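Open the model in your viewer and keep the sequence panel visible. The stops below are given in the order in which to select them.

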Amino acid sequence: PAYVSSLTDRNPRVVFDTEGSYDVTLTVTDGDGNTDSKTVEDMITLDNQCSPDPFPGFAMETFESGDYASTPNMNIGETNHFSVSAWVKPDGIQPEYTGIVFNDGVSAGLNFRPGNALAYHWPGGAWWWDSGLVVEEDVWSHVALVVTPDSVTVYLNGVGSSHVTAIDPALIESMKIGSYKGWGGRNYKGLIDEVSIWNKSLTQNEIRELRHLTRTGDIPYTDEIVSYYQFNVEGITAVNDKIGTNHAVLNSGATKVVSGAPVGEGNSDRVYVIGAGEVEFPNSETTLVFADGTAIEGEVVVSRIHLEPNVLPTDNPNTGNYWIINNYGTETFEIIETLNFKVHDASPEGLPENALLYVRSENEDADVWEESCAAVDFDGGTFNYDADCEMTNFSQFFIESSVNGDDIVTAIDESSDNALIQLYPNPSTGVFFVAFRDFDVLDVEVVDNSGQLVYSNKLTVSGQQVDLSNLADGVYFYRFINNNQKVGAGKIIKQ
């Protein structure tokens with residue numbers, strides 16, 4: 001610890017300045033000077049709750065007027081170089097002029113017009129301007145606002161609509177997330193997650209590339225970012241700013257619920273595609289081969305997310321990540337001849353025909369996965385699928401074995417030099433599986449946010465299940481121990 005108030009008090013005050021797990025030792029001395037000690041390994045787990053998380057975690061849910069998040073003064077000053085992005089899942093049609101992220105002072109921010117039309121307010125702009133972009137109700141959508149001195153552009157899932165006009169600077173101070181200045185009748189109802197605020201004008205390229213990525217990873221998209229709200233600290237009304245110090249707070253009945261937004265740490269590529277042939281996406285290590293006669297013309301963005309999707313088709317082993325392909329070109333095209341997906345940080349083993357490709361739409365979070373086809377082969381961690389998949393549009397892609405955890409030999413092996421232990425699926429409704437190698441036995445312990453041990457078990461077979469169905473939904477922390485040594489730890493979400 002960085003500081004301990006006393007070594008003899010019953011409840012000393014202890015300050016830690018580095019995240020991690022810490023052992024606690026108690027030494028008792030009797031009147032004759034005899035001593036006895038006991039050490040509890042990893043009794044305290046310190047999780048840094050101010051650093052950006054590489055997973056969606058939780059989202060804010062609002063229900064009625066007065067439910068929103070309030071920020072302090074952002075200290076941006078007057079500006080007409082400004083950007084906001086967020087993921088929203090509106091519960092039905094929103095009241096007209098409902099705020100998504102909106103300034104408390106001069107009217108400036110991202111909001112809805114009647115019928116869930118995406119709109120804005122800004123000095124010098126036009127609140128009545130029609131963007132032609134309508135946010136679908138009860139479905140996740142990525143929305144953004146970009147202000148420049150000569151235009152305001154709103155984006156819906158990477159598609160922009162610009163109002164070209166002279167834009168005055170606006171004094172940006174405190175803001176509301178999910179409300180138009182806190183006015184009654186203009187409050188958002190639904191889910192909001194991944195709110196990012198920049199003191200600069202994002203480009204269309206940046207909007208499209210960061211769409212499915214958290215502000216972590218190789219390219220975090222944090223240049224000139226002011227605040228980043230993920231709503232991931234459960235059980236409190238505080239909404240930590242994961243980049244700066246502008247911590248927000250939930251108001252009235254606003255609460256935090258498990259998020260299904262299709263985001264996470266990963267890599268993305270943006271490539272302009274025209275006609276047939278092979279197209280490589282180097283950051284996400286993906287290759288697509290378009291058939292002759294392909295009519296596609298436009299940008300294609302591939303995002304490889306380095307965690308599992310929020311719900312899985314089955315409990316069978318999987319590759320531990322998924323892909324989202326966004327098409328900004330021609331909507332329909334000829335069948336793709338080849339799809340090659342390189343798994344992140346894993347060395348697959350087994351039979352290619354057991355590696356099934358599942359698909360669902362690009363922003364979907366429901367359990368509606370459809371089995372598409374099996375791999376024809378894999379090489380060096382790359383799964384190869386051919387024209388038999390009959391893929392004529394783009395969506396989310398997920399690779400999962402056709403056999404369960406009890407028959408791991410022909411299944412997808414998630415292990416690698418950097419991944420000796422894999423816990424999946426995460427999040428889960430209660431039942432998790434643990435795949436491991438190079439260990440004969442593993443002890444698993446799960447603690448809650450207070451550090452209380454809520455589950456422990458001894459794992460003797462790779463693929464053995466960890467059943468947390470009797471625990472309340474929420475965030476927990478797990479650790480794996482082998483021969484009294486911690487060999488792995490992390491965060492787990494039960495939903």
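**Stop 1: an open sheet**

This is a predicted model. Start by selecting six strands that make an open sheet, in the order β22-β25-β26-β32-β28-β29, with antiparallel pairing. Its edges are β22 (266–274) and β29, each of which pairs on one side only. Look along the sheet for its twist, which averages 25° from one strand to the next.

Now zoom in on β22 and β25, an antiparallel pair joined by nine bridges. To find one of the contacts, select Ser268 and look across to β25, where Ser303 is its bridge partner.

**Stop 2: charged side chains at β25**

Stay on β25 (residues 297–305) and select Glu299. Glu299 makes a salt bridge with Arg208, and the closest N and O atoms are 2.7 Å apart. Arg208 belongs to helix α1 (residues 204–210), so this contact links distant parts of the chain, 91 residues apart. Are Glu299 and Arg208 buried or exposed? Both residues are buried.

Add Glu209 and Arg270 to the selection: together with Arg208 and Glu299 they are linked in a network of salt bridges. Side chains of opposite charge can pair when their charged atoms come close.

**Stop 3: the disulfide**

Go next to the other edge strand, β29. How many disulfides does the structure hold? There is one, formed by Cys373 and Cys389, with the sulfur atoms 1.8 Å apart. The torsion about the S-S bond is about 80°, so the disulfide is right-handed. Cys373 sits in β29 (residues 370–374), while Cys389 is in the loop between β31 (382–386) and β32 (396–401), so the bond ties together parts that are 16 residues apart in sequence. Cys373 and Cys389 are both buried.

**Stop 4: two more salt bridges**

The salt bridges in the model come to 15. Select Asp365 and Lys89, which form one of them, with 3.0 Å between the closest N and O atoms. Asp365 is in the loop between β28 (355–360) and β29, and Lys89 is in strand β8 (residues 82–90); the two are 276 residues apart and link distant parts of the chain. With a relative accessible area of 16%, Asp365 is buried, because the cut-off for buried is under 20%.

Then select Lys242 and Asp53, another salt bridge, where the closest N and O atoms are 3.3 Å apart. Lys242 lies in the loop between β19 (238–239) and β20 (248–251), and Asp53 in the loop between β4 (35–46) and β5 (58–62), so the pair ties together parts that are 189 residues apart in sequence. Both ends fall under the cut-off for buried: Lys242 has 4% relative accessibility and Asp53 has 7%.

**Stop 5: a pocket**

Finish at the second largest pocket, which has a volume of about 650 Å³. Which residues are closest to its centre? Of the 21 residues in its lining, they are Leu7, Pro12, Val24, Thr25 and Leu26. The elements that give two or more residues to this lining are β3 (20–29) and β4. Select β3 last: β3 gives the most to the lining, with six residues.

Key
Residues numbered from 1 in each chain as written. Predicted model: local features only at pLDDT ≥ 70, side-chain atom pairs only at ≥ 80, totals over all residues. Heavy atoms only, no water. Disulfide = S-S within 2.5 Å. Helix = DSSP H or I, 4+ residues; strand = E, 2+ residues; numbered from the N terminus. Buried < 20%, exposed > 50% of the residue type's maximum accessible area, 1.4 Å probe, protein only. Salt bridge = Lys/Arg side-chain N within 4 Å of Asp/Glu carboxyl O. Pairing = 2+ DSSP bridges. Axes fitted to C-alpha atoms, helices over the stretch in contact; angles between N-to-C directions. 1 Å grid on protein atoms, 1.4 Å probe; cavity = no way out; pocket = protein on both sides within 12 Å on 5 of 7 lines; lining within 4 Å. Points joined across faces, edges and corners; volume = space filled by probe spheres on them.
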